[in-house]
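Dear colleague,

Please find below the structure I said I would pass on. My notes follow it.

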Amino acid sequence: MGIEFAVVDAVPYEHGRSTEPLVWKGTATFSHPVKNAEAAIQAFSLEFLRGPYNPGEAPYGKEHVDCSVGKLAGNTAAVEVTFLLRPRDAGPDYNFQASARILVIAETGGL
């Protein structure tokens, strides 16, 4: 039994809208079968792209980034990251881009 680490860059291809969360799904791969795994956010970035304000000037109302580990299959662990960025006025015309670096820590069957 051993502990392994993997870094996953969550960079969604589409942009989010301030009215709903943006969900990214990916996979962390290890050198041995995964028995258990947890995820932690190392870094993240959220930025408004369009709306009545210039990017970077919108009054933030809510920022949310969450990560979790889902199904374990062989040497892999499914990773899900949820992003949400809402302005204080919660207008529907705000688009945002998001990214995160996720550290996945796994207990594996390796030595």
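Which residues form a nonpolar patch on the surface? In this model, which is predicted, they are Ile 3, Phe 5 and Ile 105, and together they have about 310 Å² of accessible area. Ile 3 belongs to strand 1 and, at a relative accessible area of 57%, is exposed. That value lies above the 50% cut-off for the exposed class.

On the overall make-up: the chain has seven strands and zero helices, so the order of elements from the N terminus reads β-β-β-β-β-β-β. Of the 111 residues in the chain, 37% are buried. Among contacts with a separation of 6 or more, 78% are between residues 24 or more positions apart. The chain exposes about 6,400 Å², and 49% of this comes from carbon and sulfur atoms.

The count of salt bridges is two.

One of them joins Asp 9 and Arg 101, with 2.7 Å between the closest N and O atoms. Asp 9 is in strand 1 (residues 2–10) and Arg 101 is in strand 7 (residues 95–108), so this salt bridge ties together parts that lie 92 residues apart in sequence. Both side chains come from partly exposed residues: the relative accessible area is 43% for Asp 9 and 39% for Arg 101.

The other is between the side chains of Lys 25 and Glu 80, at 3.7 Å from N to O. Here the pair links strand 3 (residues 22–29), where Lys 25 lies, with strand 6 (residues 76–87), where Glu 80 lies; the parts tied together are therefore 55 residues apart in sequence. The distance of 3.7 Å counts because the cut-off for a salt bridge is 4 Å. Lys 25 is exposed, at 63% relative accessible area, whereas Glu 80 is partly exposed, at 28%.

When you open the model, strand 1 is a convenient place to begin. Strand 1 holds Ile 3 of the nonpolar patch as well as Asp 9, the partner of Arg 101 in strand 7. From there you can go on to Lys 25 in strand 3 and its partner Glu 80 in strand 6.

Regards

Conventions. Residues numbered from 1 in each chain as written. Predicted model: local features only at pLDDT ≥ 70, side-chain atom pairs only at ≥ 80, totals over all residues. Heavy atoms only, no water. Helix = DSSP H or I, 4+ residues; strand = E, 2+ residues; numbered from the N terminus. Buried < 20%, exposed > 50% of the residue type's maximum accessible area, 1.4 Å probe, protein only. Patch = residues over 30% accessible without salt bridge, like charges linked within 9 Å, V, L, I, M, F, W, Y side chains within 5 Å. Areas by Shrake-Rupley, 256 points an atom, 1.4 Å probe, with all protein chains shown as cover. Contact = heavy atoms within 4.5 Å.
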